[in-house]
Structure formats: C-alpha cells, structure tokens
Amino acid sequence: MTQSHPRISKAVIPAAGLGTRFLPATKATPKEMLPVVDKPAIQYVVEEAVSAGLDDVLMITGRNKRPLEDHFDRNYELESALEKKGDAERLAKVQESSDLATMHYVRQGDPRGLGHAVLCAAPHVGHEPFAVLLGDDLIDLRDPLLRRMIEVQERHGGSVVALMEVAPEQIHLYGCAAVEATADGDVVKVTGLVEKPDPADAPSRYAIIGRYVLDPGIFGILRETEPGRGGEIQLTDALQQLAQDEKVGGPVHGVVFKGRRYDTGDRGDYLRAIVRLACEREDLGPDFRTWLRSYVAEEMQQS
C-alpha cells in the first residue's frame with residue numbers, strides 16, 4: 001500500500017562557493033551570476049524549482065554574493081526608465097526574476113562544504129522534507145527531473161538523489177551510488193554512497209548530480225558528521241548513513257536521469273551549454289546556427 005508523506009514546498013540552493021575555476025571573472029562577480037545566453041545561471045535553477053511547485057526558496061550565500069539578492073529583488077529605477085521608454089518587453093524580463101518565488105537568504109560564513117551549507121538551512125526548513133538544487137547543474141525544464149524526484153519521495157519517504165550513468169573514467173569526479181533495482185525502471189534503491197571514488201573502487205557507474213530531495217533527519221546526521229574528503233563536511237557521507245540505517249530518516253532512492261543537463265561548473269561545459277541553449281532559442285537560433293555551421297566548416301578546412 002502506498003504510504004503518504006508530507007508535501008514538499010521548500011527548495012534550498014547552496015550558492016556560497018568562490019567560483020575559483022572561473023577567475024578572474026568571479027573575482028567580483030558571483031559565479032552564479034555568469035550569464036547563460038542572457039540570463040544568469042542561478043535564475044535557471046530558481047525557475048526549475050518553481051516549475052516543480054516549490055516557490056519558497058532559501059539561498060545559502062556568502063560574503064561576496066549580494067548581487068544574487070539584488071537580481072531577485074525589484075529595481076525600481078530601471079523599471080521606471082523602461083516603462084517611460086515604453087519598452088514593455090525588457091520591462092517584463094526585468095520583473096520576471098523578482099516575481100518568480102518567495103526568496104530567503106542566509107550566509108554560510110565559513111566555506112565548510114556542501115553538507116555544512118545544507119545544515120545552514122535547518123532553521124528555515126524545520127521538520128519538513130525539502131529539495132536541494134546545486135547551481136552548477138542546469139536541468140532542462142522540458143525534462144522534469146525534480147518533479148519526478150518529489151513524486152518518488154512522497155511515495156516512499158526518506159531521501160531521493162538524482163543519478164546519471166557516466167563513463168568509468170569520469171566517476172572519480174562525482175559521488176557514486178551502489179544501487180538495487182526497483183519495480184520502477186527509472187528508480188533504484190541506494191544501498192551505499194562514496195564520494196569521488198577511484199574508478200577501480202567505484203560500486204557502479206551511477207554518479208550523483210546536483211539534485212536532492214532530503215528527509216529532515218539529514219540535519220541531525222550532518223551535525224555529527226566529521227569533515228571528510230577535502231576537509232569538508234560532505235553531504236554524501238550523511239546520505240551514506242541514511243542509506244545504511246533507514247530508522248534515522250527513511251530509505252534513500254535514486255532517480256536515474258537520462259535527459260538534458262548542462263554543467264556550468266566547468267569552463268568548457270559552460271561554453272557548450274551556452275551554444276546548445278542559444279541554438280534552441282527561437283529568437284537567436286536560426287542566425288546563430290547558420291553562423292556556427294559556417295565557422296565549423298572554416299575551421300575544418302584550416303585544420
């Protein structure tokens with residue numbers, strides 16, 4: 001018999017990282033504000049949360065992240081100038097980000113890892129299950145991964161992670177899950193987790209990507225979790241405990257994702273994400289694809 005679990009309404013977005021891979025661009029600009037075509041990466045993430053029915057969003061920030069708050073706030077001077085010019089199209093784009101969701105902010109303080117960032121959300125989340133979305137992973141809104149994860153959590157309880165099958169030589173870049181099949185083809189039960197294993201020691205090719213739906217029992221475990229790899233408090237280590245002891249916070253399941261994902265945490269993948277999304281835009285795509293074909297053809301002739 002299907003068990004009923006509390007409805008999820010809150011999303012947590014850790015955004016306190018320094019963005020060192022994008023220096024010097026991120027010296028004064030948060031990496032989450034880097035544009036993907038003409039919207040900052042963080043707006044795509046908030047839009048995904050809202051599309052899954054989560055309009056109460058807590059962002060975990062740091063000392064240099066004030067532009068994030070400004071972006072999701074009203075800009076009355078700019079709005080007034082656009083209104084006077086009669087530029088309704090750009091006015092709507094400016095107002096869109098401030099009307100998306102109810103936004104809250106808390107500073108992490110010391111950068112002590114993803115697990116610590118999630119722990120900072122405890123006072124806001126309370127005793128409810130909640131979603132965590134990492135800003136480096138952009139999931140195409142046409143592939144409702146988060147909505148599916150919420151469905152799985154509401155059915156089974158506990159926590160749910162997003163999994164993606166990767167090549168063996170890439171598994172050391174991710175948290176990796178040991179899994180068992182379930183009756184649902186896209187859902188597995190997670191029996192163990194390890195953070196960034198050597199390929200020879202990896203229990204599978206299923207990598208954890210940046211979407212989680214978590215039972216609030218994770219907070220008690222995170223408070224007791226010692227720093228792990230990199231001297232940081234790893235969320236993967238806490239989830240490993242949940243997977244081993246279901247009495248603490250229910251089982252851990254995984255949703256295997258095969259849709260469109262754009263990794264903006266790596267410079268090369270960030271550029272590829274911009275190209276892909278620009279090609280698909282109705283207003284930019286036709287001209288951009290024509291130019292891109294011409295450019296690639298010229299480069300092939302010269303190589």
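# Cavity, pocket, burial and rings

Tutor: The lining of the largest cavity divides into five nonpolar, three polar and three charged residues. This is a predicted model: local features need pLDDT of at least 70 and side-chain atom pairs count only at pLDDT 80 or more, while totals for chains, interfaces and linings use all residues. Residues are numbered from 1 along each chain as its sequence is written, and side-chain values use heavy atoms, with hydrogens and water left out.

Student: Which residues line the largest cavity, and what makes a residue count as nonpolar, polar or charged?

Tutor: The lining consists of Phe-22, Lys-31, Glu-32, Leu-34, Ala-41, Ile-42, Gly-135, Asp-136, Thr-264, Gly-265 and Tyr-270. Ala, Val, Leu, Ile, Met, Phe, Trp, Tyr, Cys and Pro count as nonpolar, Asp, Glu, Lys and Arg as charged, and the others, Gly among them, as polar. Lys-31, Glu-32 and Asp-136 are therefore the charged ones.

Student: What makes a set of points a cavity, and what makes it a pocket?

Tutor: On a 1 Å grid over the protein atoms alone, a cavity is a set of points where a 1.4 Å probe fits but cannot get out; a pocket is an open set with protein on both sides within 12 Å along at least five of seven lines, and lining residues have an atom within 4 Å of a point. Points are joined across faces, edges and corners, and a volume is the space filled by probe spheres set on them. One cavity of 30 Å³ or more is found in the whole structure, and the largest has a volume of about 80 Å³. The largest pocket holds about 1,500 Å³.

Student: What lines the largest pocket, and which element supplies the largest share?

Tutor: There are 46 lining residues, with Arg-21, Lys-31, Leu-134, Asp-136 and Lys-196 nearest the centre. By class they are 17 nonpolar, 13 polar and 16 charged. Strand β11 gives the largest share, four residues. Strands (E, at least two residues) and helices (H or I, at least four) are DSSP runs numbered from the N terminus.

Student: Why is Thr-61 called buried?

Tutor: Buried means under 20% relative accessible area, exposed over 50%, and partly exposed in between (1.4 Å probe, protein chains only). Thr-61, in strand β4, has 1%, so it counts as buried. Phe-72, in the loop between α2 and α3, is at 5% and is therefore buried too.

Student: Why is α9 said to be largely enclosed by the rest of the structure?

Tutor: Seven of its 10 residues are buried, so the description holds. Among them are Leu-235, Leu-239 and Leu-242.

Student: How do you know that Phe-22 and Tyr-270 form an edge-to-face pair?

Tutor: Rings of Phe, Tyr and Trp (its six-membered ring) pair if their centres lie within 6.5 Å; planes under 30 degrees apart count as stacked, over 60 as edge-to-face and the rest as tilted. The structure holds four aromatic pairs. In this one the centres are 5.4 Å apart with 80° between the planes, so both criteria are met. The partners are 248 residues apart, Phe-22 in the loop between β1 and β2 and Tyr-270 in helix α11. Phe-22 is buried at 11% relative accessibility, and Tyr-270 at 12%.

Student: What makes Lys-39 count as sitting over the ring of Tyr-44?

Tutor: The rule requires NZ of Lys or CZ of Arg within 6 Å of the ring centre and within 35 degrees of the ring normal. The charged end of Lys-39 sits over the ring of Tyr-44 at 4.5 Å from its centre, so the distance condition is met.
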